[in-house]
Amino acid sequence: MPSILRLPHAGALAAAVSLLLAAALPPAQAAGTDFGPLPPRNPYAGPPGTATMHGDTGSSDATPLPGPGTGRLTSKRVALQSACPTVLVGADTYPVALCTPMLTRIPTVHLLDPATGASLARLPLAKGSLLGGVYAYLDHQDRLVVVDGDKNLLRVAHRRNAAGDWQLYVDRSLSLAAAIPGDDSVTGLAPDWRGRVWFATGGGVVGTADEATGAVRTLALPAGERVDNSLSTAPEGTAVTTSHATYLLNAAAEGTPTVRWRHAYDRGPARKPGQLSWGTGSTPTFLGPTTGTDYVAVVDNASPTVHLLVHRTDTGAQVCSTPVLLTGGSGSENSPIGAGRSVFVASTYGYPYPALPEGAGESVPSSADFAGGLTRVDVRADGSGCDLKWDTAVRSSAVPRLSTADGLIHTVLRGSLLPGSDATSLLDPYSYAQIDPETGSVVRRQHLGASSLYDTLQMVGSIAPGGVVYQGTITGVVRIAAE
């Protein structure tokens, strides 16, 4: 990874950019569309909206918690010298961040102070691949569940010691090494409704781990199919999307995964710029107007225009294949938002990642500007297809999060030093933004800072109780709250 922190005049330039590009739009509240229901709460996961990187085990990227409101905002950069893609919040309101230091790349767990965002305790984990140690979740006891580089399934808890200081510790460990090839690693995991932990590896192994018995059962997906994103669980089963197809899986009585349905998608001729692998960038999203899990949605990698694919959860039947991201760059590394009958897809096409996973391959084209893009698609009430509701060129530099409480989409926007340009630089400005899901319009923005110190790197922002937003960056976390 190149050194991006040696910016000799970044502070002065950031201040100048702040004056020029500060909040341009007044606060506003969305019309209040009823988006719901969200996927049901998994009894073995933490609070809905903050238990997983994508909010819940159904990966809806939606939350029942409101954002910071329409009043004056304050933001603070918490420097952890690490990229922090995962910030989760348990029932005790303490944020837990899973971060990767830029120099050592050793995944490290941080317990954050809910009042300030400062790190109260840290715990390094065994090092794995670049994407290893990214996906994790909080269980129903506020423990971080993660697989480390030694293929151990860990439950990391936190407590105060005798001196009153906070500490993180491994409360439970189960080795998955015997079930995973030596050159493979876990990329995603989530609990099912029986408490088993489902996991997927980059090499295409899907498995279940029963910590009560120690049993680990696996299924190898077809040769050549990789899993480069996480998986999602619902009462109906576990959804996983490989570099070739989307699956719904169930478990046999002893826990062995079985395929309920499989649907291939158009993976295009190669990886697109702004993606980390060749294929979909989606962790599959459960959504639906009846149970919250009626459908499964992903975005393909078709060229030149990608499509939102929606399948019925029960049968796998395709509801629609709708072209999306028509105004900006047509490619996405992000999981879509799903709530009720609505799906929101954000573009990452051309996003300048400082590093790529091993084996990512060359992109076609070799590079592109970051044009942005955000699309809303609604599934028809009778399930007969989907309709594009709006399409914009919003330059979201984070995975957007929909709040069903305040009726707004929350994200971070990446600006440009050259007005009207899609070019990116190490000194670009970043702004927290609220978007009206009815129109796609940005109704509010708040300048956070400029330079790569604030690069959100298409990572997720989590909304915590009290309307506090924790947004991971390449150097730590930004805490956004009402004054």
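The legends below describe close-up views of a predicted model.

**Figure 1. The salt-bridge network of Asp 139, Arg 143, Arg 155, Asp 171 and Glu 211 in the predicted model.** These five residues are linked by salt bridges. The whole structure holds 16 salt bridges according to the search. Three of the pairs are shown in the views that follow: Asp 139 with Arg 155, Asp 171 with Arg 143, and Arg 155 with Glu 211.

**Figure 2. Close-up of the salt bridge between Asp 139 and Arg 155.** The closest N and O atoms of the two residues are 2.8 Å apart. Asp 139 belongs to the loop between strand 7 (137-138) and strand 8 (144-147), while Arg 155 is part of strand 9 (residues 152-160), so the pair ties together parts that are 16 residues apart in sequence. Both Asp 139 and Arg 155 are buried.

**Figure 3. Close-up of the salt bridge between Asp 171 and Arg 143.** Here the closest N and O atoms are 2.7 Å apart. The pair links distant parts of the chain, with Asp 171 in strand 10 (residues 166-175) and Arg 143 in the loop between strand 7 and strand 8, 28 residues apart. Asp 171 has a relative accessible area of 38% and is therefore partly exposed. Arg 143, at 5% relative accessibility, counts as buried, the cut-off for buried being under 20%.

**Figure 4. Close-up of the salt bridge between Arg 155 and Glu 211.** The N to O distance between these side chains is 2.5 Å. Glu 211 sits in the loop between strand 13 (205-210) and strand 14 (215-220) and Arg 155 in strand 9, so this salt bridge ties together parts that are 56 residues apart in sequence. Arg 155 is buried, with a relative accessible area of 5%. Glu 211 is also buried, its relative accessible area being 17%. Arg 155 thus appears in two of the views, paired with Asp 139 in one and with Glu 211 in the other.

**Figure 5. Close-up of the second largest cavity and its lining.** The volume of this cavity is about 90 Å³. The lining is made up of 14 residues, and those closest to the cavity centre are Thr 52, Ser 59, Leu 189, Ser 230 and Leu 231. By residue class, the lining of the second largest cavity comprises 7 nonpolar, 6 polar and 1 charged. A search of the whole structure gives 5 cavities of 30 Å³ or more.

Key:
Residues are numbered from 1 along each chain as its sequence is written. This is a predicted model: local features need pLDDT of at least 70, side-chain atom pairs count only at pLDDT 80 or more; totals for chains, interfaces and linings use all residues. Side-chain values use heavy atoms; hydrogens and water are left out. On a 1 Å grid over the protein atoms alone, a cavity is a set of points where a 1.4 Å probe fits but cannot get out, and a pocket is an open set with protein on both sides within 12 Å along at least five of seven lines; lining residues have an atom within 4 Å of a point. Grid points are joined across faces, edges and corners, and a volume is the space filled by probe spheres set on the points. Ala, Val, Leu, Ile, Met, Phe, Trp, Tyr, Cys and Pro count as nonpolar, Asp, Glu, Lys and Arg as charged, and the others, Gly among them, as polar. A salt bridge is a side-chain nitrogen of Lys or Arg within 4 Å of a carboxyl oxygen of Asp or Glu. Helices (H or I, at least four residues) and strands (E, at least two) are DSSP runs, numbered from the N terminus. Buried means under 20% relative accessible area, exposed over 50%, partly exposed in between (1.4 Å probe, protein chains only).
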